[in-house]
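Here is a friendly walk through some local features worth finding in your viewer. Have the sequence and the 3D view open side by side as you read.

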Amino acid sequence: MKIILLIIACLSTVSLFAQELIIGKVVSDFDKSPLENVTVHVEGTSLNSKTNKDGVFKFQNIEASIVTLEFRHLGYKSLKITIDLPQNESLNVSLSVAAESLAEVDVVSTGYQTVSKERVTGSFTTVSNELLNQQVGSDLLSRLPSVANSMIMDNAHVGAPQLMIRGLSTIRGPKAPLIIVDNFPYDGELMNINPNIVENITILKDASASSIWGARAGNGVIVITTKKGELNRPVSLEFTSNLQIGTKPNLNYIEQMSAADYIDLEKEMFAQGFYDNDLNSINYPVISPVIDLLEKGRSNLLTDQEVSDKIEGLKNLDVRDQFDRYVYRPSVNQQYFLGANGGGSKFSWISSLGLDRDKANLGEIYQRVNFRIQNTYQPFDGLNLSTAVYFTQSKKNSGRLGYHDVSMKSNTFVPYMQLADQNGDPLWIIKDYSPRYIESLESNDAFLDWKYYPLTDWQHDTEEKKLSNILASFSVDYRLLFGLNLKLNYQYEKQWDVNSNLSDENSYFARDNINRFVQIDDGVPEYIVPKGGVLNTFNRFLDSHNIRGQLNFDKAYGKHSIVAIAGVEMRSNTSNGQQMRYYGYTNNLTTAVVDYQTRHPANPSGSAYISAGQSLSENSTRFLSQFANAAYDYDNRLMVSASIRRDGSNLFGLKTNDQWNPFWSLGTAWKLSNESFYQVHFLPYLNLRSTYGFSGNIDPAMVAVNTISYLGQKSFYNGEPMAYFSNYYNPELKWETSKMLNIGIDFQFNNSRFSGSIEYYHKEGKNLFGVVPMDYTNGISTAALRNVANMESHGWDIELKTVNVDREFKWQTILNFSLNSDEIIAYNIERSLAQQYVDINTPPVSGIKGHPVYAIYAYKWAGLDPLTGEAQGYLDGEVSKDYNNIVGVGTKIEDLELFGSAIPTKFGSMINSFSYKNITFNVGLSFKFGYWFRRNSINYTNLLTTWRGHSDYQDRWQHSGDEVFTNVPVNQYTTNSNRDMFYNGSSVLVEKADHIRLQYLRLAYDFKNETKHIKNFQLFLNAQNIGLIWAANKRSRDPDFSRSGHNLPVPKSFTVGVRSKF
Amino acid sequence: MSCEKFLDERSDKKLSIPVTLEEFKALINNSNYINSDFIAAGEVSSDDYYLSDQVYNALQFEGEKRLYTWQSDNVTRPFGMMGDEWYNCYQAIYFCNSIIHGIEENGLSGPDADNLKGQALTLRAARFLDGLQVWSKAYNSQTADSDLGMVLRVDPDINQMSTRSSVQETYDLIIRDLSEAVGLLYENSPVQSLPGKDAAYGLLARAHLYMGDYENALQYTNKALSLTKAKVIDFNELDPSLTYPIPVENVVSREIVLTTTMYAATQLRVAYALITPELYSLYEDADLRKVIYFGDNGDGTYRFRGMHSGNSSKPSALTISELLLIRAECSVRLGMLEDGAEAINSLMENRWKAGEFVPYQFLDTESALEVVLQERRRELVMRGLRWVDIKRLNRDGHNIVLRRRVNGESYELLPNDLRYAIAIPETVIELSNIEQNPR
């Protein structure tokens, strides 16, 4: 005791003689709020300090009479102030925001905790709502790739475009990042999230950032933080609104064969008798209009002159013009958003109402209402109660039938199809049956009109999707002793999807069903499918509960500070689906009973069952997790962090050991610029970080045991249930794991003119599910999914922010540049067939050691045969036309030409912002490089059998010598599907996919401080999806829209809008 | 709630691990796998039909054209395009193996479990017998021990290596399984999609007939006939104006003992497959099959419409008429001419216009056999049976030469050509390393 007293005495003595004390407070000049964690440095010394939560800093032991203090804070301009000592009064310092229009987000949110950006070791990217709002539209996530670092939208694969963070982490598992809204994964439809309620978005890129989310974090995590009310704020209102007009899609992008070429081919094939079989068939298969005319001419129903006049008339048509004129319209989207917030000393609130009404190119209407209220109540310091309710209601109605919705045969049609006559009156098109058959029934009263009018059918065949979603949450945050906080969160989500598809009695679908099954007995029709409409309903109900208990610890002991959390959470998600179909539906809700179990005679021939269209489903996912995370900071210089998480789930049949797989991470950071020896004045902020850790990826569809699934339909023989194998016994199945090393450096030059981060990562995916081609003598499949592969990928993420000009005229740039390359490092497959690697529609998983995960391979091309115009390949090194063997077993994988990755290996975005006085102008560019795509071309077999042509037809080889300027093979009859398969898979159709795209332009004018009541009023103009400004391929194909079939580039849109604050 | 319980909830209510009898029954009831996609390649290669050049030229897949013209390799649709018949065959075998294995593994017992096991054994044997006729040479007792047979999968373990057995071993397994099944099955099945004892005996008769063991074939066909509830339909009662005149009751016609349906090969589509004039000319005008089986296309060609399914799908099913024809053939071959005549006549009475049929009376084996074989051909059209008949008759010296003409080119398949054992899909050869048929 004595000793302690003595020490205190000594210390007091020291301080009595002391040297001066400096006290001050730092606030933001933007809203005068205190700034935490501002670095304060005494020039010429090694003394550093940090502001606390209230913005207050303190220095003791200053031995000078004049000192210069330097204030540095991320996102703010550095400031130097010279003061005389001793101080008369507390120093008040106000820092100005460095990049006003791009307001930085200086905290990151993991969904478990919110931490200052300076106090993390992991890799985070944040996107502020200002940056996000440079784009418009009712959808939030589609805005991210053009502004967020390391993010990409992959269009190369079947299905919806896929957001990816840092490239691939899995091969066959789910690739979607985990989406968190505030505290919990969001289970509902992502379209429910109104972009206006978003405060900011944090993207968790490395293992240390995401491993806290455990088994589902392998693909990265996106945390959406919504706006919250704040205490002690006067009531303020916010109103935004915009009107977005989108152009019609460019149908000329579709590589359609010309009508003249098509008709000439049809005439030639008709003369060869190619259609005779169909023309004579009792099944009345569908016949094209030209063939119908030719047949009418041959059977003298029309004169040769009439036939040729009509056919010549058709040659000038292009169905794309018809669609453009009669079907597509500019889209019109309106968005309104009203927000209000305020707060007293104990209570704060925020509330908003959003209305969206989008009318798309085909007249499809999407309407959304969002209502949100969030309250925080602080009865006393240390206890926070908050509740939030977010309610969404939306409705989607179908529109007109577009280019991809109309079909004569096999989802395609002839290029001279006519939707309307010269007066614009709707015409019927042939569909499903020969026109001879349809016309022959015109006078038969037993049959309903069997014609299909694509221009009007949509009015009778309507789809409505109604959705209601309610997200309610409650949280308690209670401060215990010793720096401990107890936090409880509960969230409930329920979503109702009520979808209906009514094909009314005038719709083609209903009439076709009725006619197909009508039976005429002595002239008396019996309607097996009753007259009336067909109503399909599909309802889905989703319920999810999330509950979490968490202890937070945050305490500093002198130079040591520790922030830690630990907790448990439970998650349960159930969804039910019900699908029903009603025949004979009328407006007064009567329906009819139909016999589904009997095979009925059908028209024009054969017999069939009536489709029952009923099914039920029920799925439930459950998770039980434990997690902990701690960060230790020494003197604001060195930091160490660690996290661990274990997940258990009910996913069927996984071994218990695997259910409780732990995921963990470690990280360190060294703030070099805070070291006393650090003297690099032009670089006042320098931080080194590195992390290492694991996260996982699970596919709910993966099951380790033999399971069977019941069919919705009962056996036609005995009415008993029927089942099939849905999974095969696979005891080895494990969760995929993703291991990631991340090394990063954050820097900021003087005056924040230049700041950014550079990160390197190395990812290793283990136990990845992969397709193993199997000897299908086993009877289950030609391929099976197993944990067979390991992949690794590495890359660089560079994020730079520069202020190029900082006067009255300002020019700032954000550059996101990422390099990512992946390769397979192990794939436990012994041998495989080359043809599986040349998939025309989707680049297949390569599965070859050292090759990119998704790669473009092609058959080697040996040019066209100068004598015949046939495509030539190689077999055993020799030029060959043995197509059966080239596309069969004659080609080995090593014989294929490997071009490279099918997904971009270099990509990013650049946003330039210019401002002068009240005017701001933003330009958003995005780019993708270092990958390949396969272009579509003509397939002669498909042309004849499914009518699907391609504009390359006109460039086909026709005479010797043509091979000099074309690679399109001759149209040779008879067709050979393997020859077409070879050409479509050959290297001559592979193109470099590199491109640069102008994503958006935005011009805004701010009416600042116009009146006392209006804090800010902004008028803006925006142009979006402007298109490619450069592409490597010379055929003006957009590589993001190059898949087979017809996907069209997103049309340009133009917006005018206001944002205001009162 | 304990953690284990919380995590025990089934993730998908439609999923279950099969352990109960009901679950295994649901698998065998799945006619999409169990009764469908018997091999069509043999019928496609047979001589009862032909394709016009137009249809041939419009065939979408090169493999389809090659199969039609008896090429020695690449006669399957491309990998992944549906219609790999090797896969179809072994997929059904996997179902059967899983059921047999599941019954044993879960200790299921009692008459219902035995019957189910018998059904799975019978259906598995039916698949092996089906595959053997397409991918192997006709049975020849001299070479059966070395001729390549089927890959004998009798266990659901998917990691087994594949090796081809001999033709003899395949027949041995088929006979062993069917004999075991006979002891387990109920006498008849209430539905034609699943076998009873009658079907197992019928398949034993088929197998022995193909092997040339006429005594056993006769014995088994007699047993099948004594048990079966299938009835011969009198064609006099049918309405030839219907698209498919043969009536069905509960999905298929009452002549069917066990429903099996061929894969819907493009070449065999009703509108495409034209009946060869040679076959059509075999029918007398008073033979009702001439109008019931064949539809007039109006241009001098005929299509086949005598399906026992009421629609365009083509059963390769065991029928009572086939059993009667086996009885007739075996009786004649064994010198029991009267029995043979009786069997044939009992069928023909139902096929000819009432009162017009003059019953056969057999005087010598040779001419009787000729009649019986010709009646067999007339009766069993588009049943997947013609191919094996050609093979076994050529083995016995009948010297049937198959000929086709396509786009002005002639194709010929001489008796006992190696191509009578159709090429196994090259992809499965590549993936499994099993031996391809000698070419």
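In this predicted model, strand S13 of chain A, covering residues 178–181, runs antiparallel to S14(A) and is joined to that strand by 2 bridges. To find one bridge position, start at A:Ile180, whose partner in S14(A) is A:Pro185. Both strands belong to an open sheet of 5 strands in chain A, ordered S10-S15-S16-S13-S14 and mixed in its pairing. Which strands stand at the edges of this sheet? They are S10 (124–128) and S14 (184–185) of chain A; each has a single partner strand, so one side of each lacks a neighbour in the sheet.

Next, the surface of chain A. A:Asp876, A:Glu878, A:Glu894 and A:Asp895 together make up a negative surface patch. One of these residues, A:Asp876, sits in the loop that links strand S41 (873–875) to strand S42 (878–880) of chain A. Is A:Asp876 buried or exposed? Its relative accessibility is 71%, and because the cut-off for exposed is over 50%, A:Asp876 counts as exposed.

A:Asn277 offers another view. This residue is part of helix H5 of chain A, which spans residues 276–280. With a relative accessible area of 16%, A:Asn277 is buried, since that term applies under 20%. If you would like a distance to try in your viewer, take A:Asn277 and A:Ala215: they are 62 residues apart along the chain, and 58 Å separates their C-alpha atoms.

The backbone also has some details to look up. The table lists two cis peptide bonds, both in chain A.

| Cis peptide bond | Omega |
|---|---|
| A:Asn603 to A:Pro604 | about 0° |
| A:Tyr973 to A:Thr974 | near 15° |

A:Pro604 is found in the loop between strand S28 (600–601) and strand S29 (607–608) of chain A. A:Thr974, in turn, lies in the loop between helix H13 (940–946) and helix H14 (977–984) of chain A.

Chain B brings in two asparagines with positive phi values. B:Asn407, which is not a glycine, has phi near 50°. Its place is the loop between strand S10 (402–406) and strand S11 (409–413) of chain B, and at 36% relative accessibility B:Asn407 counts as partly exposed. For B:Asn416, also not a glycine, phi is about 60°. Look for B:Asn416 in the loop that runs between S11 and helix H18 (426–432) of chain B.

Conventions
Residues are numbered from 1 along each chain as its sequence is written. Chains are lettered from A and ligands numbered from 1 in the order in which they are written. This is a predicted model: local features need pLDDT of at least 70, side-chain atom pairs count only at pLDDT 80 or more; totals for chains, interfaces and linings use all residues. Side-chain values use heavy atoms; hydrogens and water are left out. Two strands pair if DSSP finds at least two bridges between them. Helices (H or I, at least four residues) and strands (E, at least two) are DSSP runs, numbered from the N terminus. Patches are made of residues with over 30% relative accessible area and no salt bridge: like charges are joined within 9 Å, nonpolar side chains (Val, Leu, Ile, Met, Phe, Trp, Tyr) within 5 Å. Accessible areas come from the Shrake-Rupley method with a 1.4 Å probe; for residues, only the protein chains shown count as cover. A salt bridge is a side-chain nitrogen of Lys or Arg within 4 Å of a carboxyl oxygen of Asp or Glu. Lys and Arg count as positive and Asp and Glu as negative; His and the chain ends are not counted. The place of a charge is taken as NZ of Lys, CZ of Arg, CG of Asp or CD of Glu. Buried means under 20% relative accessible area, exposed over 50%, partly exposed in between (1.4 Å probe, protein chains only).
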